[in-house]
Amino acid sequence: MSACACASGAEAIAAIDRERPDILLVDLKMDGLSGLDVIGTMRSLHPGCRAVLLTAAIRDDEAAQAIALGVSGILLKDSPQGTTWVKA
């Protein structure tokens, strides 16, 4: 088992292509590409990978896009205990 931290969306896509992860925890707001862009690209590079979106706040259109991309869930930062996981 290994983990990889990336500073930008482009770096994340390169890591996905190189590492072929089983699960991806990606922030909605990233330098360059958004987390949604990364998840969309991940789907074509490694369709078997599951994705969880991490965010401080999310608009309805972003949540709808995340669900359309097949995220397994949305993890909200700084939420009260018991309300952090939204299953997509």
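Read from the N terminus, the elements of the protein chain follow the order α-β-α-β-α-β-β. The model described here is a predicted one. In total, the protein chain holds three helices and four strands.

A few overall values help to set the scene. The protein chain has 88 residues, and 32% of them count as buried. Its accessible surface amounts to about 5400 Å², with carbon and sulfur atoms contributing 55% of that area. Contacts also link distant parts of the sequence: when residues at least 6 apart are considered, 42% of the contacts in the protein chain join residues at least 24 apart.

Helix α1 offers a good place to look more closely. This helix spans residues 9-19, and its buried residues are Gly9, Ala12, Ile13, Ala15 and Ile16. These residues lie on the same side of α1, because together they cover an arc of only 160° around the axis. The spacing fits a general rule: an α-helix has 3.6 residues a turn, so residues three or four places apart point the same way. On the face of α1 turned away from this buried side, the exposed residues are Ala10 and Arg18.

What, then, covers the buried residues of α1? The cover includes strand β1, at residues 23-27, and helix α2, at residues 35-45. Between the description of the helix and that of its surroundings, one detail of the backbone remains to be told. Just after α1, arginine 20 adopts a positive phi of about 50°.

How values were computed:
Residues numbered from 1 in each chain as written. Predicted model: local features only at pLDDT ≥ 70, side-chain atom pairs only at ≥ 80, totals over all residues. Heavy atoms only, no water. Helix = DSSP H or I, 4+ residues; strand = E, 2+ residues; numbered from the N terminus. Buried < 20%, exposed > 50% of the residue type's maximum accessible area, 1.4 Å probe, protein only. Contact = heavy atoms within 4.5 Å. Areas by Shrake-Rupley, 256 points an atom, 1.4 Å probe, with all protein chains shown as cover. Arc of directions from axis to C-beta.
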